[in-house]
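Q: Please take a close look at one helix and what surrounds it, then go on to a sheet and the cysteines.

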Amino acid sequence: MTDLSLYRNIGIFAHVDAGKTTTTERILKLTGRIHKTGEVHDGESTTDFMEQEAERGITIQSAAVSCFWKDHRFNVIDTPGHVDFTVEVYRSLKVLDGGIGVFCGSGGVEPQSETNWRYANDSKVSRVIFVNKLDRMGADFYRVVGQIKKVLAAEPLVMTLPIGIEDQFVGVVDVLTRQAYVWDDTGLPENYTITDVPADMVEKVEKYREQLVETAVEQDDDLMMAYMDGEEPSIDDLKRCIRKGTRDLVFFPTFCGSAFKNKGMQNVLDAVVDYLPAPNEVNPQPLTDEEGNPIGKFAIVKASEPFRALAFKIMDDRFGALTFVRVYSGVLNKGDSILNSFTGKTERIGRMVEMQANERLEISSATAGDIIAIVGMKNVQTGHTLCDPKHPCTLEAMVFPEPVISIAVAPKDKGGSEKMGVAIGKMVAEDPTFRVETDVDSGETILKGMGELHLDIKVDILKRTYGVDLIVGEPQVAYRETITKEVEDSYTHKKQSGGSGQYGKIDYKIRPGEPNSGFAFKSSVVGGNVPKEFFPAIEKGFKGMMSSGVLAGFPVLDVEVELLDGGFHAVDSSAIAFEIAAKGAFRQSIPKAGPQLIEPIMKVDVFTPDDHVGDVIGDLNRRRGMIKDQEAGVTGVRVKADVPLAEMFGYIGTLRTMTSGRGQFSMEFSHYMPCPSNVSEKVITETKARKAAEAKK
């Protein structure tokens, strides 16, 4: 039977360009999984195997690899850092037991690090921290440690200290054992010597060791009492305390080094073994009902329990559809039949594989704690629970953000339509934040995503992987409509045409709801003027109209409807009559309720060299941006602002021109805000004109 205590399911996550993929490469090299290290800047890393990843030097989709270190099996997932692909990080963290948060020694805690850290907190994932790139200009380990405390409100437990900095960086001191690890200039990870702490660092090491011991012994009352009485705890006792504190998210063991120069990596791998939890040591996954509410039962990580697993990623490659699965409990064998609790259908397991990035190793069984891929499953989507048909259950589902940007696409030749439909279908199954719909008026195919880069990559994949050449329209912003006033109104639907007629009368109030509340319905009808069985039909009628507003046909957000009274007819009233009445009521009352156009506002984080700060802020102001914060760093300034998405198209070109190519930015959706009247009028006019032109076609 598999010994779960020797398993570590870990993810590597960070801001774009902090060195996650390079770190993964070094782990694979050190553990003997690969023999030649591939570099990201050469487009040859193991986990960045898509053409688009190799060209752009960024990670787009998470990749899984397995390797061994000191008799422990690591299932490692390398995740993207770019904000447009955050969903890859989110769904990976959902199925992992531990993580390595990588921070750039000069960039520090960057915007995407914050988002990923928040996701990891939400998923209660234990982490160790690796401050990377200490060989770079402007690197400062102690500044990054301070930022982790200030920006992430986390408690870093410093485990190693750097010897030298920037081009003088030669190794690290292990604070726990008071040993120095010094690497030579060959760049080979195994070429290091263990020596005494350099004389000029002894005082600093003792200071940090005292802090480490004091923080660690707080996890054990008996040890703490003994320590206060002057007794020095053993290294094994300290490691046990650090492991407990890490598992409980009290603190995060923090290491330093340079993945690219192969310095400090062994200490991080040892930390994964020593401090990150095994699959059976983390809190078990809660089981939920069909609505997603916890039912008080859990998926205990044991091979003897019934089979339970979560599909966390769908990938389509040249050999067919792959479903990535995290097995929480039980055993899965080739040929078993399993139930998809979301669809209610059973499927037989044909082939199972262990993934090594884009290579596969056939396996015949998987057990609790494993991360595997199943070949050729049908109708399984991200977030579906797979379980033993005799013990149906639902694991906590995944919630994905709504897309904020869309483009219209059409195949260049007629033969491409069917090809495009099949390809897009596969891509939508792979990526839950990528949506597709057909415009009812124009028949156009609309692709929706999380940002310009996200959609740019999707169009590129359609072209190269599936051979579909597209005509791409201008990006469109996902505007929404809402209301600003409360209206009390009445509506009667009456139709007589021989035989039984239709009758439904409703008195109601429509008012603005809380921000992000969507649609809410309640009834305060007293007595039987509108029988209770018609309430769902009335709610359905109002809710069905929320998809198209009165200003320009955009979906409506944040509306509350209260049913006050009404009337019914013993023969002519029916659910359908009341549903039609609710639809008519919506059309009648929304124009009276002060309808308003609202637009998506993005949280924008811009990095700029000092001498261009004024230009960057002036430009953001011209884009209707609201400057929230400025933070001076060693190599430049970070400006945080809230800016309407409509003003951010093509921003990277402007920023590079302004900053001589040195500026960078990232953005993510924040909230919706009312449009200024001049913008609102322009959008409504243009949208109506576009729809009229499309209708003529």
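A: In this predicted model, helix α14 spans residues 613–622, and its buried residues are Val-613, Val-616, Ile-617, Asp-619 and Leu-620. These residues lie on the same side of α14, because the arc they cover around the axis is only 160°. On the other side of α14, Gly-614 and Arg-622 are exposed. The partners of the buried residues of α14 are three strands, β34 (595–608), β35 (626–632) and β36 (637–644), together with helix α15 (651–658). Just after α14 comes Arg-624, with a positive phi of about 65°.

An open sheet of four strands can be described next. Its order is β30-β31-β33-β32, and the pairing is mixed. The edges are β30 (487–495) and β32 (519–523); each has a single partner strand, so one side of each is left without a neighbour in the sheet. From one strand to the next, the twist averages 25°.

Strands of a sheet pair through backbone hydrogen bonds, and the pairing is either parallel or antiparallel. Here β30 and β31 run antiparallel and are joined by nine bridges; Val-487 has Ile-510 of β31 as its bridge partner. Ile-510 is in turn paired with Val-561 in β33. Strands β31 and β33 also run antiparallel, with eight bridges between them. At the other edge, β32 and β33 (residues 559–567) run parallel and share five bridges. There, Ala-520 has Glu-560 of β33 as its bridge partner.

Two helices pack on this sheet. Helix α12 (residues 535–544) touches β31 (502–512), β32 and β33, and its direction makes about 150° with that of β32. Helix α13 (residues 575–589) touches β30, β31 and β33; its direction makes about 40° with that of β31.

The cysteines remain. A disulfide is a covalent bond between the sulfur atoms of two cysteines. With a cut-off of 2.5 Å between the sulfur atoms, the count of disulfides is zero. For Cys-393, the closest cysteine sulfur is that of Cys-387, and no bond is assigned because the distance of 4.4 Å is too far. Cys-393 counts as buried, with 8% relative accessibility. Cys-675 also counts as buried, at 9% relative accessibility.

Key:
Residues numbered from 1 in each chain as written. Predicted model: local features only at pLDDT ≥ 70, side-chain atom pairs only at ≥ 80, totals over all residues. Heavy atoms only, no water. Buried < 20%, exposed > 50% of the residue type's maximum accessible area, 1.4 Å probe, protein only. Pairing = 2+ DSSP bridges. Axes fitted to C-alpha atoms, helices over the stretch in contact; angles between N-to-C directions. Contact = heavy atoms within 4.5 Å. Arc of directions from axis to C-beta.
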